[in-house]
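Trainee: I have a structure open here and I'd like to understand the words people use for it. Can we go through it together?

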Amino acid sequence: MAVQTQGVSQFSMDGIQYNVVGNVTWNVGGHTGEPQISLQGVEMDVFSYTPVIARINVTVRWLAGVAPSATAAGSVIDTIQFLTRSGIQVIGTNCTVTDVVTQDPVALTSTYNFAVSDITEIVAS
């Protein structure tokens, strides 16, 4: 699965708007397949599939009045929504922070890596 990256004009986690620093990256998940290898050689008509977890990665600016560590490793965000500058609306549901959240007190940012149950992309017509 190719990773998508775009500048964003809006970004929210559970309805709270954040300013994105840099880009948001995401992939919609799915699976990869490769031919099976058997004792007779490569079986071109038999595939082994490996699941690919949907992901969203983002760095956001801290919000005034909210502790930067309020969303930490293991936290679950019900819905992440963002709109790319090219008009693609992306909605991720059941998003779990998978890595240690990186806090940068100089830039006032937090970097999140989410594993996502489902990502929907809606292209503006």
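**The core and what surrounds it**

Mentor: Let's begin in the middle of this predicted model. The largest nonpolar core has 22 residues, and F11, I56, I80, F82 and F114 have the most contacts inside it. At least two residues of this core come from each of β2 (8-13), β4 (24-27), β7 (54-61), β8 (76-84), β9 and β11 (109-123).

Trainee: What makes I80 a residue in contact with others, leaving aside its neighbours within four places in sequence?

Mentor: A contact needs heavy atoms within 4.5 Å. I80 is in contact with F11, S12, M13, I56, V90, I91, G92, C95 and F114.

Trainee: How many helices and strands are there?

Mentor: There are 0 helices and 11 strands. Read from the N terminus, the elements run β-β-β-β-β-β-β-β-β-β-β.

Trainee: How do you know what the radius of gyration says next to a compact globule?

Mentor: Set one value against the other: a compact globule of 125 residues would have a radius of gyration near 14 Å, but this protein has 18 Å. The C-alpha atoms fill a box of roughly 65 × 40 × 25 Å along the principal axes. As for burial, 28% of the 125 residues count as buried.

Trainee: Which strand has the highest mean pLDDT, and which the lowest?

Mentor: β9 has the highest, at 95, and β1 (residues 4-6) the lowest, at 52. For the protein, the mean pLDDT is 86, and 91% of the residues reach 70 or more. Where pLDDT is low, the predicted coordinates should not be read in detail.

**Buried or not**

Trainee: Why is S110 called buried?

Mentor: Buried means under 20% relative accessible area. S110 has 1%, so it is buried. S110 is found in strand β11.

Trainee: What makes the pairing of the S110 and W62 side chains a polar contact?

Mentor: The limit is 3.5 Å between N or O atoms, one able to donate a hydrogen and the other to accept it. The polar contact joining the side chains of S110 and W62 is 2.9 Å. Another, of 2.4 Å, joins the side chains of S110 and Q103. Beyond four places in sequence, the contacts of S110 include V58, T59, V60, P68, V101 and T102.

Trainee: Why is N94 called partly exposed?

Mentor: Partly exposed lies between the 20% and 50% cut-offs. N94 has a relative accessible area of 40%, so it counts as partly exposed. N94 sits in strand β9 (residues 88-97).

Trainee: Which residues does N94 touch, not counting those up to four places away in sequence?

Mentor: N94 touches V76, I77, D78, A115, V116 and S117. With S117, the N94 side chain makes a polar contact to the other side chain, at 2.9 Å. The C-alpha atoms of N94 and T79 are separated by 6.3 Å, with the two residues 15 apart along the chain.

**Two loop residues**

Trainee: What makes the phi of D14 worth a look?

Mentor: Most residues other than glycine have a negative phi. D14 has a positive phi of about 50° although it is not a glycine. The place of D14 is in the loop between β2 and β3 (16-17). With a relative accessible area of 38%, D14 is partly exposed.

Trainee: What is the phi of L108?

Mentor: Phi of L108 is near 60°, positive in a residue other than glycine. L108 lies in the loop between β10 (102-104) and β11. At 41% relative accessibility, L108 counts as partly exposed.

Terms used
Residues numbered from 1 in each chain as written. Predicted model: local features only at pLDDT ≥ 70, side-chain atom pairs only at ≥ 80, totals over all residues. Heavy atoms only, no water. Helix = DSSP H or I, 4+ residues; strand = E, 2+ residues; numbered from the N terminus. Buried < 20%, exposed > 50% of the residue type's maximum accessible area, 1.4 Å probe, protein only. pLDDT = per-residue confidence, 0-100. Core = buried A, V, L, I, M, F, W, Y, C linked by side-chain atoms within 4.5 Å. Rg over C-alpha atoms; globule rule 2.2 N^0.38 Å.
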